[in-house]
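Open the model in your viewer and get ready to click along. We will go from one selection to the next, with a short look at each stop.

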Amino acid sequence: MRVLPQTAPPEAEPAGSALLYRDAEVAPLLGYRPLLLDLAVPAGPPPGPGWPVVAFVHGGAFAVGSPKHAPLGRYLGERLVEAGFAVAKVHFRHSREAVYPAQLHDVKAAVRWLRHHAGTLALDPGRFSAWGHAAGGHLAVMLAVTGDRPDLEGDVGVTGPSSAVQAAVAWSPPSDFARLPPPPPGSPFHRTGEDPHAWLLGAAPAAHPALAAAASPLTHVTAAAAPLLVAHGTGDDGVPIAQSEALVAAYWQAGADAEFAWLEDTGHVYGHRTRAAMTTAGIEFLRDRLGPA
C-alpha cells in the first residue's frame, strides 16, 4: 500500500504527571482512517538518553475497540507512567477494514514512528517494549518474535527505523489460530454465528491454513525473540490457556527468554486484584529486561 509521508509529533499537552501527545499521526493511510497513537511521557528530565517505552495494543478480537476507550489502557497508562515509562496507545486497522497482516504492519509502523522521533519525544530508542491483552497480546507477541523481519515490515508510514521491541508482556494471547475454538457462549460473535478469526484472515483458519500459520506467533519463535512475560487464566474459554502453554514451550525450546504466569480460576478478563498484581509483575519484568538507561 502506498501512503503519504508521516507527520511530525503534535504539541505536548500537560496531563497531570505526564506530557500527552494526543492523536499523533503515524500515517495517513489512503482510503482508511489515519493511523494514530496517543503518547504519554513522564514529566521532567528523562533518565539517560530517554524514557523506556511501552506500546500498548488493545484487545477486541481484532474487530472492536479502541486504545482511547479501553479501560485496561487507561489503567496501564497510569501505572506505567507512574513507574517511569512512556506509554504509546497505538491503533491498528480492524479486521473488517483490512485482513492480516495489516494489523501487524500498523503496530510496526507505530514502533518505527516512535523510534524515528525518539529524540524529539525524550524516548530511549534502545528500550522499547509492547504490552497487550487478547488480540492486543497477540500483536505484542508478534512484535517480540518478528523483530526486523523485512518480509513483515510493510510499507506503512516511516520506514528505516527498527520495528523491534526489546521485551513484551502479553495477557491471554492467541498464539495458534488453527487450534482456536469457536467463540464461547456470551460472546457477541457466538450470538451472531460469526468467527472473528475468519474476519482477520479473510477465511476460516481451516480454509486458509498457510495464512493461519503465518499469523500465529507460535510459528515465528526463534532464539532471537525478545524476552516475553505471558499471563493466562486457567478458566479462559475464549482463548484456552493451552495457547500460551504452547507459546512459552516454543520459547523455551528455542532457547529464548520467557516467563509464564498461570492464573488459577481466572477467565479471559481479569478481576481488579489479578489485574493489579499482573501489572506489578509486568512492570518488574520490563525493568529487569530493559535494564537501566
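**Stop 1: a central strand and its partners.** Begin by selecting Trp51 and Leu123: Leu123, in strand E6, is the bridge partner of Trp51. Keep in mind as you look that this is a predicted model. Now widen the selection to strand E4 (residues 51-57) together with E6; the two run parallel and are joined by six bridges. Next, add E7, which pairs with E6 in the parallel sense over five bridges. To find a spot along this pairing, pick His133, which stands opposite Trp171 in E7.

Is E6 enclosed or open to the outside? Colour residues 123-133 and see: nine of the eleven residues are buried, so the strand is largely enclosed by the rest of the structure.

**Stop 2: from strand to helix to strand.** Show E6, H4 and E7 together, and you have a right-handed β-α-β unit. In the loop between H4 and strand E7 (167-171), select Val165. Val165 counts as buried because its relative accessibility is 6%, and the cut-off for buried is under 20%. Which residues does Val165 touch, beyond its neighbours within four places in sequence? Its contacts are Val111, Phe128, Ser129, Ala130, Leu143, Ala144 and Ala226. For a distance to try in the viewer, go from the C-alpha of Val165 to that of Thr146: they are 9.3 Å apart in space and 19 residues apart in sequence.

**Stop 3: a covered helix.** Select helix H2, residues 102-116. From first C-alpha to last, its 15 residues reach 21 Å, close to the 21 Å expected at 1.5 Å a residue. H2 is mostly covered, with 14 of its 15 residues buried.

**Stop 4: a helix and what it packs against.** Move on to helix H8 (residues 241-254), whose 14 residues reach 20 Å from the first C-alpha to the last. Highlight Ile241, Gln243, Ser244, Leu247, Val248, Ala250 and Tyr251, which are buried. What do the buried residues of H8 pack against? Show helix H4 (135-146), strand E8 (228-233) and E9 to see their packing partners. Just after H8 comes Gly255, with a positive phi near 85°.

**Stop 5: a loop residue.** Finish at Thr266, in the loop between strand E9 (258-263) and helix H9 (272-290). Thr266 is buried, at a relative accessible area of 9%. Leaving aside neighbours within four places in sequence, Thr266 is in contact with Gly233, Thr234, Gly235, Asp236 and Thr274.

How values were computed:
Residues are numbered from 1 along each chain as its sequence is written. This is a predicted model: local features need pLDDT of at least 70, side-chain atom pairs count only at pLDDT 80 or more; totals for chains, interfaces and linings use all residues. Side-chain values use heavy atoms; hydrogens and water are left out. Helices (H or I, at least four residues) and strands (E, at least two) are DSSP runs, numbered from the N terminus. Buried means under 20% relative accessible area, exposed over 50%, partly exposed in between (1.4 Å probe, protein chains only). Contact means heavy atoms within 4.5 Å. The expected span of a helix is 1.5 Å times one less than its number of residues. Two strands pair if DSSP finds at least two bridges between them. A crossover is right-handed if, with the strands pointing away from the viewer, the path from the first strand over the helix to the second runs clockwise.
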